[in-house]
Amino acid sequence: PVVDLLAVASVVGKRFPVAMAAAIGGAPAEVAVPLLDSAVRAAVLEQDEPGHLRFNHDLFRDVLYDGLPAERRSELHLSVAERLEQQAGPVETAAEIAYHRSMAWPLGDRDRAVAALIEAARKATVRTAFDEAAAHLRRAVDVAGGPAAVDLATLCEYGDALRRAGHGEEA
């Protein structure tokens, strides 16, 4: 049970809210907390801020993540995206939602994944994080099925993000 819950947490992220890992893993908090506490005692996880844990080393997370079957990983990414959408909060959440929706592909709704990536790109642009915006838009184009499958406005946004990030020739 500990390894199963840690595998779920590996999809949520390097740093994760205990409540989210428990909910997505289908474990009530009173079951999840002692399981995760045993991982803290084993030095796989460490305490972060209240209610959050983080993997002590990327290798622990990578092994757990890579050990999940592809379909299960996609299902978990989709669950994380849906949970984040319910909480809808700060700008960072847009990037997280986009990441999880795109990692869930081909499960889930392609249009919602593309829209989440475009939204994350727009929020990155507002913060003048043009490399990040270009990466989100590149992924949006890929998830959509290539340049011919996305609208012209998205391609123009992508080109503009590349130009602003200093990649003029690519733009």
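## An exposed threonine with positive phi

Thr128 counts as exposed, at 54% relative accessibility. The cut-off for that class is over 50%. This is a predicted model. Thr128 is found in the loop between H7 and H8. Its phi is near 60 degrees, a positive value in a residue other than glycine.

## Other loop positions

Ala43 also has a positive phi, near 65 degrees, and is a residue other than glycine. Ala43 sits in the loop between H3 and strand E2 (45-47). At 36% relative accessibility, Ala43 counts as partly exposed. Gly26 comes just after H2 and takes a positive phi of about 75 degrees.

Gly145 belongs to the loop between helix H8 (130-144) and helix H9 (152-164). Gly145 is exposed, with a relative accessible area of 54%. Its C-alpha lies 9.5 Å from that of Arg110, and the two residues are 35 apart in sequence. Pro106 has its place in the loop between H6 and H7. The peptide bond from Trp105 to Pro106 is cis, with omega near 20 degrees.

## Overall layout

The chain has nine helices and three strands. Along the sequence, the pattern runs α-β-α-α-β-β-α-α-α-α-α-α. The C-alpha atoms fill a box of roughly 50 × 30 × 30 Å, taken along the principal axes. Of the 171 residues in the chain, 41% are buried.

Take the contacts with a separation of 6 or more: residues 24 or more positions apart account for 55% of them. The accessible surface of the chain comes to about 9,000 Å². Carbon and sulfur atoms hold 55% of that surface. As for charge, there are 18 positive and 26 negative side chains. The centres of the two sets lie 1 Å apart.

## The nonpolar core

In soluble globular proteins, nonpolar side chains tend to be buried together. The largest nonpolar core here has 50 residues. Which members touch the most others? They are Leu6, Phe16, Ile24, Leu36, Leu45, Phe55 and Val80. Helix H7 (residues 110-126) gives the most to this core, with eight residues.

Ile24 is one of those well-connected members. Leaving out residues up to four places away in sequence, Ile24 touches Val8, Val12, Leu76, Ser79, Val80 and Arg83. Val80 is likewise on the list of core members that touch the most others.

## The aromatic pair

A pair of aromatic rings is described by the distance of the centres and the angle of the planes. The count for this chain comes to one aromatic pair. The rings of Phe16 and Phe55 have their centres 5.8 Å apart. Their planes stand at 50 degrees, so the pair is tilted. The reasoning needs two cut-offs: planes under 30 degrees apart count as stacked and over 60 as edge-to-face, with the rest tilted.

The pair links distant parts of the chain. Phe16 is in strand E1 (residues 15-17) and Phe55 in strand E3 (residues 52-55), 39 residues apart. Are the two rings' residues buried or exposed? Phe16 is buried, with a relative accessible area of 0%. Phe55 is buried too, with a relative accessible area of 1%. The cut-off for buried is under 20%.

## Helix H2

Helix H2 spans residues 18-25. Its buried residues are Val18, Met20, Ala21, Ala22 and Ile24. An α-helix has 3.6 residues a turn, so residues three or four places apart point the same way.

What do the buried residues of H2 pack against? The partners are helix H1 (2-12), E1, helix H3 (29-41), E3 and helix H5 (70-87). E1 carries Phe16 and E3 carries Phe55.

## A buried histidine

His100 lies in helix H6 (residues 91-104). At 2% relative accessibility, His100 counts as buried. Not counting residues up to four places away in sequence, His100 touches Val11, Val12, His77, Leu78, Val80, Ala81 and Leu84.

Val12 and Val80 are among the contacts of His100, and Ile24 touches Val12 and Val80 as well. The C-alpha atoms of His100 and Lys14 are separated by 13 Å. Along the chain, His100 and Lys14 are 86 residues apart.

Terms used: Residues numbered from 1 in each chain as written. Predicted model: local features only at pLDDT ≥ 70, side-chain atom pairs only at ≥ 80, totals over all residues. Heavy atoms only, no water. Phe/Tyr/Trp six-rings, centres within 6.5 Å; stacked < 30°, edge-to-face > 60°. Helix = DSSP H or I, 4+ residues; strand = E, 2+ residues; numbered from the N terminus. Buried < 20%, exposed > 50% of the residue type's maximum accessible area, 1.4 Å probe, protein only. Contact = heavy atoms within 4.5 Å. Core = buried A, V, L, I, M, F, W, Y, C linked by side-chain atoms within 4.5 Å. Areas by Shrake-Rupley, 256 points an atom, 1.4 Å probe, with all protein chains shown as cover. Lys, Arg positive; Asp, Glu negative; His and termini not counted. Charge placed at Lys NZ, Arg CZ, Asp CG, Glu CD.
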